[in-house]
Amino acid sequence: MITIDVQQGSSAWLELRRTHDTASEAPAACGVSKYTSRTALMHQKFTGEVEIVGSAKQAVFDRGHEAEALARPFAEKIVGADLYPTTGTLVVDGLNLLASLDGATMDEEIIWEHKLWNASLAEAVRNGTLDPHYTVQMDQQLRVSGAKKCLFMVSDGTEENMVWCWYATSEEKQTVLIAGWKQFNADLATYVPPEVIVPPVAAPQMGLPAVAIQVTGSIALVDNLDKFGAALNAYIAKLNRKPETDQDFANLEDAVKRLKVAEEQLDAAESSALGQVESVDTMRKTVALYRETARTNRLLVEKLVKAEKENRKTAILSEAAAELVTHIKKLNERLGKPYMPSITADFQGVAKGLKSLDSMKDKVATELARCKIAANEAADLIQANLTTLRELASEHAFLFADAAQLVLKANDDLTALVKTRIADHKAVEAAKEEATRERIRAEEQAKAEKEAREKLAAEQAAAAAEQAERERIAAEAAKVERIATAPDVVPVATPTHAPAAVPFEAVVAMMPPAVRKAMAPAKADKPDSEPTLKVGEISERLGFTLTADFIKVLGFEPAKVDRASKLFHEEDFPAICQALINHISEVSDQFNAVAA
């Protein structure tokens with residue numbers, strides 16, 4: 001708080017109040033003042049007019065100052081420290097706030113607010129039900145001074161008539177106070193003072209002539225009904241049937257009274273005439289006609305006044321509702337999307353029971369200001385929440401499809417929800433990634449184990465085939481050696497066609513090329529299919545083990561080599577079988593020849 005060295009009530013103090021938003025004006029600015037309407041304060045601020053204090057009001061002020069001075073020692077006793085009157089200012093969100101304090105401690109931890117004794121206010125203090133008219137003023141005093149609490153006292157300067165209580169503000173109340181002043185100043189910037197500010201009074205109007213009917217002794221009627229009827233019709237023709245202002249309504253209400261008087265006069269004149277003669281049919285019919293004319297038009301004007309007042313009331317309510325809609329639309333434009341919630345306004349309620357258009361306008365304007373403040377607060381909250389979403393959830397926007405609902409939450413709640421939702425999503429995604437990695441690892445492990453098994457089986461099959469081939473070759477070699485070293489018991493001439501007892505591979509190698517060509521199976525055209533037939537599958541089909549080298553001896557080269565596997569075409573299998581039959585037949589023939 002910036003302390004201003006100025007005497008309360010001085011011209012310098014009044015000038016300071018003119019350029020600042022004061023604590024005593026805060027209730028009116030927020031629409032909760034008991035004595036000054038929001039519209040009246042706005043007009044005063046706009047025009048710079050200073051209220052002229054009359055003698056009666058000045059006397060009340062003087063009693064208040066006197067009671068305050070007498071009560072100060074009692075207040076200092078309660079506080080436990082001296083209380084000094086002071087004036088201070090503080091700038092809050094661009095608002096120039098001012099507070100004139102009845103008293104404040106030296107350390108500015110406690111302030112004092114004194115009100116002149118009032119029975120109903122004293123009862124409110126006892127019950128702890130202070131009206132916002134008083135609490136809003138103390139909210140601003142506490143904000144400007146920075147004090148922790150305020151001693152609120154009501155007294156006439158004596159201990160007998162003295163009650164007090166402690167009051168402390170809150171963050172929520174401070175938000176309402178600042179928002180109220182901001183909206184007030186925003187409305188003040190566009191304020192247009194009304195042309196008519198005095199209460200309307202019915203304009204002077206020429207009354208209808210008095211009805212006069214006399215009866216002479218000869219039963220001759222002497223009357224002025226013709227003149228009265230002409231004046232009545234002329235008066236009715238001049239009535240304003242489209243009232244718009246309070247002045248128009250006041251004129252018509254006065255006309256209703258005058259027409260009622262005309263009815264009564266016609267009734268009285270008729271009764272007077274009938275008292276003088278027994279029957280004057282023409283006079284009665286004329287009186288009845290004019291009486292009905294006055295009555296009909298009186299009822300018409302009454303209905304007109306009521307209908308037009310209702311129309312003006314409806315117009316005031318409709319204009320306020322339309323302005324609120326426009327205000328919310330602008331806030332949505334500021335936010336970028338229609339995030340704004342519905343703002344409930346009670347224009348009908350605040351105008352209920354009010355007869356004056358001016359008072360109706362003031363109450364509706366105050367309610368409109370309240371709704372604008374609520375809308376601004378909602379927009380500020382939404383803006384803060386949108387910023388939070390952009391900062392925390394820019395990479396996870398897909399998780400917040402319900403942003404229109406989320407931005408209406410308290411910012412702390414939204415922040416916690418955003419973090420929780422993102423954390424949950426990351427946990428789910430991490431679990432999915434871990435499951436994917438585990439599946440891939442298991443598949444790769446299964447594939448590696450399968451390949452290892454296939455490789456081991458192929459190696460074992462190849463080793464077994466090689467071992468069998470070595471054993472066969474060793475057996476054939478042993479057989480040849482046995483035959484070659486056998487003793488000649490009976491000389492036998494060796495058939496000219498029998499080959500020497502040597503391994504078959506050697507025999508084949510020694511054969512003339514033409515013979516080997518003749519023994520080789522006829523080769524078909526090269527197949528187009530992919531070679532998939534393994535040596536192990538050929539052995540499995542035949543029921544005994546073959547090797548790739550032996551198949552090569554038969555005249556078949558592998559069509560493809562895949563690691564340790566030698567692959568042949570499926571179409572080669574019949575030819576391999578035939579070549580194997582030929583081989584077995586040749587070996588059998590050779591062995592039989594040698595044995596013979």
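## The big picture

Of the 596 residues in this protein, 35% are buried, where buried means under 20% relative accessible area, exposed means over 50%, and partly exposed is in between (1.4 Å probe, protein chains only). What you're looking at is a predicted model, in which local features need pLDDT of at least 70, side-chain atom pairs count only at pLDDT 80 or more, and totals for chains, interfaces and linings use all residues. Residues are numbered from 1 along each chain as its sequence is written, and side-chain values use heavy atoms, with hydrogens and water left out.

The protein has 19 helices and 12 strands. Both are DSSP runs numbered from the N terminus: helices are H or I with at least four residues, and strands are E with at least two. Its exposed surface comes to about 35,400 Å², and carbon and sulfur atoms supply 56% of that; accessible areas come from the Shrake-Rupley method with a 1.4 Å probe, and for residues only the protein chains shown count as cover. Now for contacts, meaning heavy atoms within 4.5 Å. Take those in the protein with a separation of 6 or more: 70% of them are between residues 24 or more positions apart.

## How far to trust it

The predictor's confidence in each residue is called pLDDT, and it goes from 0 to 100. The protein averages 83, and 86% of the residues score at least 70. Over residues 488-504, though, the pLDDT is below 50, and beyond near neighbours in sequence this stretch has 17 contacts in the model. Where pLDDT is low, the predicted coordinates should not be read in detail.

## Strand β6 and its partners

Let's zoom in on strand β6 (residues 149-155). Because 6 of its 7 residues are buried, β6 is largely enclosed by the rest of the structure. Two strands pair if DSSP finds at least two bridges between them. Strand β5 (residues 110-116) pairs with β6 in the parallel sense over 7 bridges, and W112 has L151 in β6 as its bridge partner.

Strand β7 (residues 162-167) runs antiparallel to β6, and 6 bridges join them. One of the matched pairs here is V154 with V163 in β7. The hairpin of β6 and β7 has 6 residues between the strands, and G157 in that hairpin takes a positive phi near 95 degrees.

## Two neighbours in β4

A99 sits in strand β4, and so does S100, with β4 covering residues 95-104. A99 is buried, at a relative accessible area of 1%, and S100 is buried too, at 15%. In a regular strand the side chains alternate between the two faces of the sheet.

So what do these two touch? Leaving aside neighbours within four places in sequence, A99 is in contact with A23, T86, T87, G88, Q140, Q141 and V144. The residues A99 and V144 are 45 apart along the chain, yet their C-alpha atoms are separated by 6.5 Å. With residues up to four places away not counted, S100 touches Q8, W13, T86, T87 and Q141.

## Some helices to look at

Helix α12 (residues 357-393) has 37 residues and reaches 52 Å from its first C-alpha to its last, close to the 54 Å expected at 1.5 Å a residue; that expected span is 1.5 Å times one less than the number of residues. At the start of α12, a side-chain oxygen of S356 comes to within 3.3 Å of the backbone nitrogen of D358.

T135 belongs to helix α6 (residues 132-145). This residue is buried, with a relative accessible area of 12%, and outside its neighbours within four places in sequence T135 is in contact with L130 and Y167. Over in helix α8 (residues 225-237) you'll find A231, which counts as partly exposed at 23% relative accessibility. Again leaving aside neighbours within four places in sequence, A231 is in contact with L208 and P209. A231 and P209 are 22 residues apart in sequence and 7.4 Å apart in space, C-alpha to C-alpha.

## A three-strand sheet

Last stop: an open sheet of 3 strands in the order β10-β12-β11, with antiparallel pairing. β10 (533-534) and β11 (560-562) stand at the edges, each with a single partner strand, so one side of each is left without a neighbour in the sheet. β11 and strand β12 (residues 565-568) run antiparallel and are joined by 3 bridges. Here V561 stands opposite K566 in β12.

Note on methods
A polar contact is a pair of N or O atoms within 3.5 Å; within protein, one must be able to donate a hydrogen and the other to accept it, and residues adjacent in sequence count only if both atoms are side-chain atoms.
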